[in-house]
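Please look over the sequence and the model below before reading the briefing.

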Amino acid sequence: MFDITEIEHLTHEEQTSIARKYFERKGYRVHSGLQFGCELVLYADDPDKVHSDFCVHVVPHDSQVNWMQIQVLARSMATLHKQLIMVNVRPTRRNIEGSSVGGVVDGYLIDELAIANGHAPFRHKRKEIIKVGSQIKQKLT
């Protein structure tokens with residue numbers, strides 16, 4: 001049975017670990033986002049080949065996010081040329097572990113919200129599919 005107090009037993013580090021696993025399953029290379037002021041940074045390919053496009057902020061279970069915090073985070077992401085993804089980790093109401101349902105890792109649902117700021121991959125509305133991780137690093141000679 002679902003117990004709302006179950007989430008209170010997860011530390012912020014455990015929530016971040018679950019979010020890391022979620023994005024790894026989606027095909028991203030996940031690294032610490034400490035240098036960018038968030039918990040995680042997502043790379044679509046080898047970090048030596050591409051820049052990261054996304055910073056992930058894991059919202060602690062015991063806090064709320066107001067619009068001012070979102071505005072501050074989103075503005076800093078624009079300066080860093082990244083999109084902000086806010087993540088909430090919460091227990092599922094039923095046992096669907098091991099299922100291919102998106103957003104479920106180890107019995108926890110992951111809610112994600114991407115905040116667009118004019119930076120790739122959301123800056124251009126094209127009809128063709130755009131490859132995520134479009135910032136290719138230029139080699140210095």
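The notes that follow cover the sheet, one helix and one loop residue. This is a predicted model, in which local features need pLDDT of at least 70 and side-chain atom pairs count only at pLDDT 80 or more, while totals for chains, interfaces and linings use all residues. Residues are numbered from 1 along each chain as its sequence is written, and side-chain values use heavy atoms, with hydrogens and water left out.

**Sheet**
- Six strands (DSSP E runs of at least two residues, numbered from the N terminus) form an open sheet of mixed pairing in the order S1-S2-S3-S4-S6-S5, where two strands pair if DSSP finds at least two bridges between them.
- Strand S1 (29-32) and strand S5 (104-105) are the edge strands, each pairing on one side only.
- S1 and S2 pair in the antiparallel sense over four bridges, and serine 32 stands opposite leucine 40 in S2.

**Helix H1**
- Helices are DSSP H or I runs of at least four residues; the buried residues of H1 (under 20% relative accessible area, 1.4 Å probe, protein chains only) are Gln15, Thr16, Ile18, Ala19, Tyr22 and Phe23.
- Seen down the axis of H1, these buried residues fall within an arc of 160° (taken from the directions from the helix axis to the C-beta atoms), so they line one face of the helix.
- Glu13 and Arg25, on the other side of H1, are exposed, meaning over 50%.
- Glycine 27 follows H1 and has a positive phi, near 100°.

**Serine 52**
- Serine 52 is placed in the loop between strand S2 (40-43) and strand S3 (54-58), and it counts as buried at 2% relative accessibility.
- Serine 52 lies 23 residues from arginine 29 in sequence and 9.2 Å from it in space, C-alpha to C-alpha.
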